[in-house]
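Here's a friendly walk through a structure you may be meeting for the first time. Take a look at it, then read on.

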Amino acid sequence: MLILHPLLGLRDAQEFTYLGDASIIDRPDGLTEPEAFHDYLYLRDNPAGVHKELWFHEQGDRSWLVVTRNTVTHEILGAELARDYARGRGRSR
Amino acid sequence: MNQALRQTEGFVADLPQAALGPSQVQRVGAGLVDRSRTLSFTFDGRAYAGHPGDTLASALLANGVRLMGRSFKYHRPRSVIASSSEEPNALVELRSGARAEPNTRATVVELWDGLEARSQNRWPSLAFDALGVNDFVSPFLTAGFYYKTFMWPAAFWEKLYEPVIRRAAGLGRLSTEADPDAYDKGFLHCDLLVIGAGPSGLMAALTAGRAGARVILCDEDFLLGGRLNAETLAVGGQAGTDWARAAVAELAALPNVRMMPRTTVVGAFDHGVFAAVERVADHVAAPLAGKPRQILWRITARRSVLAAGAIERPIAFRDNDRPGVMLAGAVRAYLNRWGVAAGRRVALFVNNEDGLRTARDLDARGVDVVAVIDARPEGERLPGIRHLKGAVVTGTAGRLGLTGITVRDAQGREERVACDVLGVSGGWNPTVALTSHHSARPVWEEGIAAFVPSLDGPKGLGVAGAAAGALSTHGALATGAARAAEALEDLGFRVSSVDLPEAEDAPVRLRPLWHVSGTGRAWVDFQNDVTVKDIKLAHQENFRSVEHLKRYTTLGMATDQGKTSNVTALAVMAELTGKGIPETGTTMFRPPYTPVSMGVLAGRSRDEGFKPTRLTPSHKWAREQGAVFVEVGMWLRAQWFPRPGETTWRESVDREVLATRKGVGVCDVTTLGKIDVQGTDAGAFLDRVYANTFSTLPVGKVRYGLMLREDGHVMDDGTTARLGEHEYVMTTTTANAVAVFRHLEFCRQCLWPDLDVQLVSTTEAWAQVSVAGPNARRLLERVVDGDISDAAFPTMACGNVTVCGGLRARLFRISFSGELAYEIAVPARYGDALIRELMAQGKDLGATPYGTEALGVLRVEKGHVAGGELNGQSTALNMGLGRMVSRKKDSIGMVLSQREELVREDGLRLVGVRPVDPTAVLKGGSHFVALDKEAVAANDDGWLTSVVHSPHLGHQIALGYLRNGAARMGERLRVVNLLAKTEVEVEIVSPHFIDPEGERLRG
Amino acid sequence: MASHRLKPLSALGREFLAVESIGPVTVAEVMDVALASLAARRGQEAVVGAAAAQAGIPLPPPGRAEVGAVCGAFWVSPEMWFLEAPFATHEDVVAHLRPVFGEAASITEQTDAWARLNVTGPLGPLFERLCNLDLGRFEPGSATRTVIEHVGCYAIRRAPERMTVLGPRSMAGSLHHALTVAARSVA
């Protein structure tokens, strides 16, 4: 597979380490209830189809990317720096 | 006719070779072989001659050798039926000794001088095979035979059935010696990958090459040109072979085109990635020294054109597996390309126009075409040749080779026709395999009665020529040019219009005929001995889906993957179910397209190249000291340093431990991960990734840190030093260095993207050495330039220093052993010199190098956790470090670490363990069981995590996780290991076996 | 330069550097380049850019390497570069860079973290056996991280026939083995 890195162009998927569902960016910060963390940590979607997922360019520039991939066809519909995606989800400091 | 039969009997190969007269009796023309040079080779020990350009199959046929193998199940005599990689029958063993290679298809073995080949699956000889008896018991060996016969008793499988089946079945034998050859792998990139160099592939490559695109053209054959080399067809007013040669020459002159003969594209993967195997040195006896025999290429292509051609299919009829029954196109290929007449009296059995070409070409070369049996009642007859319309072949005769056939004409009259070869053409199946590697199913094309690629094949892959169902030469050229042009326009190239050379565009005129009904066995899959009857049986027993049919009958398995049989088989099944072929569908094509050797998949990843080795900065020095090394991940670390006279590892390790506790020990600890954490928010960041607090750590101090996973379990531990207001250096365990860095980057980029913190690994930049023991300071004072007295450099201090007269270094006063200890780091290039300096300066202080074993003993004696305790399941509380988890701040894993089950009062706790009998031997992994209870899971109270011999105490000690352990000091238990059948009575003690008050490390 | 008494050893464990020629390819270990990581702190990107420009330090865009008056540099990560300077004059490279960037950047010494191999000769046939780099599109001035036989490396193309490969120091032997075996294979 090839992943269109937003800074480096097409890169081979072998350079990346896969983590999974990008929803773990939405961490319930703070000293919150364990239930919120339970849901955050253990309840994930596993769709057959379009999925946003985290890939780490470990053998590359060490960027975490949010890759939009169709898990059925393996088509990659887009990739962005996870940093920017996280900011878009309201994460900051 | 009797006369004719007698004459042909004289030709078959079951007569001694000497009787055949001069060699290469069947060579009737030059073809494309180089007759100016002769190559000698042997088959089953007998010597033959051939020419450059021959395959083993063409050379054997040229020499009148037809019998090439025995079939898989019934051990029927078999000969070659095809001229290319689809060959199911002619599987031979090549070479000998370590290079012996079974199951190579004689049709793709390029002849070399001295080639050595043997037939397989026969004993004692090919002509007389004892297991030929299987053929007579064939009624018992039908589809599903294994499943039905060897069902029970189950115990018989391992001892009886399997060994017997393994001996009887299977084809060649593997050499049991190590492969002496090198294999390589590589990576290629192109704009357009063209798979197949027949007319469509050459046209596609020319179109793209002329437009300036980067082109890779692969073909499995050693001679490019594909079917043009096997035909007498004209292209652009010249012989097709000449056109192909000119096209190849033009492409060879283009710097942007890479031509790869002997290269099979075996798999299509996601996003334009292909696997191809190049056989660099399979056509010579042995590769040159240091050069690879084969190369596995990973080709990344922006676009691709599949021009893999088509494969002719046989028609099933009674005893159609007799040596001499061949594919009509192969008969033609042997004649035109290799100048070999497969027989002297050839009959043909066809259901389409293409098969008639064989008759014409043979006739033109003066080979006797005794009859053309044409299943189609309509159409014109060939002039000057006996052309039976509406007729079929119903059987064959001959023992080890064909002597005649039985023909049933349109009126139903049967007749015997003497012949030594029967060329069969049941039509052509486009080679769609690669288009299905992404799970697209091919679609049925009524006009040619064959499957053609579906449109939802791999993205960016166009299909041209016969592979797309365009079976004429014109169709091949036109679609090749068109697919290339489309791909290039997609990529933004300007493509000038291509002049298509003129070529035939003859219609196919096929009348589907899959099998001739009648009694007896009609073979569908030659390689796996699957007959029409077997398919009927599968149908009868309700294995009707094509996937079930395949598994039940073994149809389409093994080296040929059903290239000549799949479509016929499912057509027969469709007939039986009455469902029609499109609804019946095909089985799935998966990589690899043709067999791939394990060697080339491994590439250079063997021996020294299997995986990288990481060496510490002191490796060279340690080797000089005679160190014994241990693999820790990819690292090689000194395990212990044997001294003369020491005969067991324990002697060395005990000495190293005692010397460290008495004087001073020196150990390379560079392998620990070092991560530089800088930025104005570095402290805040560390507070979130560690369970304890780092923002309050003063500059110049070190603190032990505990890192949790979000689920509350311990991920890693280590010390982190604050070197400046905004500068920390974190250490990780050796094993987790990579995972921790990845995790920190996740936290930094995904969770808190606006914190001002920068991370970079500095593991390899610094050589770090532990100096431990009561004399540690005295030794370091001789090396470090400044004041490191206890007042200036107290416990847990750190800072930048210089050593040996000005070299920048970092000093950390931290202890894993419980002794007065430091770690000192210098730029890695000076690591070797530093350790030598320490040893030289420390001679009178008892400086002793110690390895990882002594390191382990020292830390267990002190009760420090490491690998055995950090097992991925443990919590801070388990380790007795529960109070380190700050509940006042949000950190990774804090919330879930407080889950009810994880904070149980009676949960597992780290304890020390000593055997009641000091001579007893403990086993790591043993489980705690109360003295009066049975050793069963219900009574399991925890386990031993680390066991060492403590030379200090003179007996074994251990660490372990014990249920409610903190409250059980002094209690006696058993530690039981049911695997090793050991049981030892132990006493539970504090994990701090040495200096529980910590006076030594403050020393 | 400090006058300490410790003798350096190369990443390959050599006291004297060796140059190997295999066919048309030459592989040489060098250790005369100091290396530092430079990362702009949050919000300080412009300050770092200006300071670098004033000091004659290039900060090339992703995928690129540039040579400056004193330092060369190649891009490694968003807002992070590796800077290269002559070892003889810049051994304590952090001490040289700190005054240029002050608190606007995070800087670490990386010199000895990497084994440095200079490869000269026809690069295409060699590197296509080693790593998944499209050399046809990796013209001089390109820099990237890549993997050679499981070893994560940086490849910097200095000239059509000159490539610098930086590999983790501890794996220098394995990297060198991979390069020389491949060089013999294509020689």
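What follows goes through the chains one at a time, starting with chain A.

Keep in mind that this is a predicted model. Chain A has 2 helices and 6 strands, and if you trace along its sequence you'll meet them in the order β-β-β-α-β-β-β-α. Its C-alpha atoms fit in a box of roughly 40 × 30 × 20 Å along the principal axes. Of the 93 residues in chain A, 48% are buried. Look at its contacts between residues at least 6 apart in sequence, and you'll find that 47% of them link residues at least 24 apart. The chain exposes about 4,400 Å², with carbon and sulfur atoms supplying 50% of that. As for charge, chain A carries 11 positive and 15 negative side chains, and the centres of those two sets sit 6 Å apart.

On to chain B, where a record helps out. An unreviewed UniProt entry lists residues 909-995 of chain B as "domain: Aminomethyltransferase C-terminal". That span is 49% strand and 0% helix, and its end C-alpha atoms are 20 Å apart.

Last comes chain C, with 5 helices and 11 strands. Its radius of gyration is 17 Å, close to the 16 Å that the globule rule gives for 187 residues, so chain C is as compact as a globular protein of that length. Its C-alpha trace spans about 50 × 45 × 25 Å along the principal axes. Buried residues make up 60% of the 187 in chain C. About 6,800 Å² of chain C is exposed, 57% of it from carbon and sulfur atoms. Its 16 positive and 18 negative side chains have centres 2 Å apart.

Definitions and conventions: Residues numbered from 1 in each chain as written. Chains lettered and ligands numbered in written order. Predicted model: local features only at pLDDT ≥ 70, side-chain atom pairs only at ≥ 80, totals over all residues. Heavy atoms only, no water. Helix = DSSP H or I, 4+ residues; strand = E, 2+ residues; numbered from the N terminus. Rg over C-alpha atoms; globule rule 2.2 N^0.38 Å. Buried < 20%, exposed > 50% of the residue type's maximum accessible area, 1.4 Å probe, protein only. Areas by Shrake-Rupley, 256 points an atom, 1.4 Å probe, with all protein chains shown as cover. Lys, Arg positive; Asp, Glu negative; His and termini not counted. Charge placed at Lys NZ, Arg CZ, Asp CG, Glu CD. UniProt positions renumbered as here; feature names shortened; annotations may be inferred. Contact = heavy atoms within 4.5 Å.
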